[in-house]
Structure formats: C-alpha cells, structure tokens
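User: Can you walk me through the core and the pockets of this one?

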Amino acid sequence: MKLIVIGGVAGGATAATRARRLSEDADIVLFERGFYVSYANCGLPYYIGGEIEKRDDLFIASPERLRSRYAIDVRTSQEVVEIDRGSKEVKVRDHATGEEFREHYDKLILSPGARPVKPPLPGVNSAKVFTLRDLPDSDSIKEYMEKNRVDSAVVVGGGAIGLESVENFSRQGARVSVI
C-alpha cells in the first residue's frame with residue numbers, strides 16, 4: 001500500500017508518523033512544498049520575542065529523522081499541483097529543478113496548510129505589514145524588530161498564535177492592539 005501525504009509540519013508529519021505506526025509495510029511519501037517539514041508553529045512568537053533563543057529549538061523532526069526513524073520518504077521543495085482521483089495519481093512540481101512528474105498512490109492524506117489572507121486594503125503591502133504562518137515569516141518579523149524600534153503593533157487575529165504574538169511584542173516594549 002502506498003500512502004501519499006501532502007504537506008508537512010503539524011498535520012502532515014503527524015499523520016505520516018501515525019500511519020507508519022499503524023503499518024510497518026506501507027510505502028509512505030510526504031510532499032512538502034517548503035523546506036521545513038516539522039517545527040513548533042506555536043513557538044514562532046516566542047522565537048520572535050526571544051523567549052526561545054535558538055531557532056533550531058523550534059524544529060521537532062528533520063527530514064532525515066523522519067526517513068531514518070520512520071522510513072518515510074520525505075520530499076521537501078516539492079509541491080503537489082494536481083490530484084487525479086480517477087487514476088490515483090498526483091502531479092508534483094520539484095521547485096529545485098522545475099521538473100514535473102506523476103506519482104501513484106493507494107491512499108492520500110491532504111494536509112497542505114493555509115496561506116494568510118491579506119485583505120485588499122491600502123497599505124497592506126507595506127514593509128511594516130507581516131503575516132505569521134511559518135518560519136520564514138517569523139524570520140522576517142524578528143529581523144525587522146531587531147533593526148527597527150517598534151513602539152506599537154496591531155495584531156489581526158485572536159487565535160493562539162495571535163495572542164502569543166501580543167504577549168511577545170508586549171515583552172519587547174511595544175503597545176499592542178488586537179483586532
């Protein structure tokens with residue numbers, strides 16, 4: 001049985017390792033369009049705020065660890081761009097080479113994550129407006145805060161990561177409003 005998991009991080013990596021525990025014989029392939037396959041999303045604001053000092057402390061499992069410990073074929077920088085349910089195939093684009101290929105599956109798990117929504121408002125593309133969804137986003141925010149004095153901030157979204165961001169921006173001395 002061949003299982004393809006689309007997406008890594010919390011959902012996809014967890015699903016892939018659970019599938020391995022349920023079947024030692026399954027052929028498991030995990031496609032992640034980005035470079036990072038397993039890290040602590042909720043730790044991102046604490047990394048930005050300095051409570052988590054080392055970026056590497058955010059990583060839960062590397063592709064190499066998932067390969068060696070769980071025998072999962074992890075393919076980073078490869079994006080599933082099409083699913084053909086009839087023939088049970090996915091079309092994959094390798095971002096490193098630009099090559100596209102098809103891969104067969106018996107079972108498919110979708111965990112592609114999401115992209116933050118930036119509403120079409122004036123100023124939304126300013127260098128002072130950030131989204132916080134992944135490691136590169138946290139790197140950008142942390143770098144900005146290290147290079148610039150931030151007296152005030154607005155956080156749009158009151159979920160876990162939004163409120164953790166409020167906490168950490170406040171610790172850095174910013175007045176923070178939540179929308």
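**Core and pockets**

Analyst: In this predicted model, the largest nonpolar core has 13 residues, and Ala16, Ile28, Leu30, Leu66, Ile72 and Val74 touch the most other members. Such a core is a set of buried Ala, Val, Leu, Ile, Met, Phe, Trp, Tyr and Cys residues joined through side-chain atoms within 4.5 Å, with buried meaning under 20% relative accessible area (1.4 Å probe, protein chains only). Two or more residues each come from β1 (2–6), α1, β2, α3 (63–70) and β3 (72–76).

User: What does Ile72 touch?

Analyst: Leaving out residues up to four places away in sequence, Ile72 touches Ala16, Thr17, Ile28, Leu30, Leu66 and Arg67. Contact is heavy atoms within 4.5 Å.

User: OK, pockets. How much space lies in the largest pocket?

Analyst: About 990 Å³. A pocket is an open set of points on a 1 Å grid where a 1.4 Å probe fits, with protein on both sides within 12 Å along at least five of seven lines; lining residues have an atom within 4 Å of a point. Volume is the space filled by probe spheres set on the points.

User: Which residues are closest to its centre?

Analyst: Of 28 lining residues, Phe130, Thr131, Val154, Val155 and Val156. α4 (135–147), β8 (152–155) and α5 (160–171) each give two or more residues to that lining.

User: And the second largest pocket, what volume?

Analyst: About 630 Å³. Its lining has 31 residues, with Glu32, Arg33, Pro112, Gly113 and Asp134 nearest the centre.

User: Any caveats?

Analyst: Residues are numbered from 1 along each chain as its sequence is written. Local features need pLDDT of at least 70 and side-chain atom pairs 80 or more, while totals for chains, interfaces and linings use all residues, and side-chain values use heavy atoms, without hydrogens and water.

Conventions: Helix = DSSP H or I, 4+ residues; strand = E, 2+ residues; numbered from the N terminus. Buried < 20%, exposed > 50% of the residue type's maximum accessible area, 1.4 Å probe, protein only.
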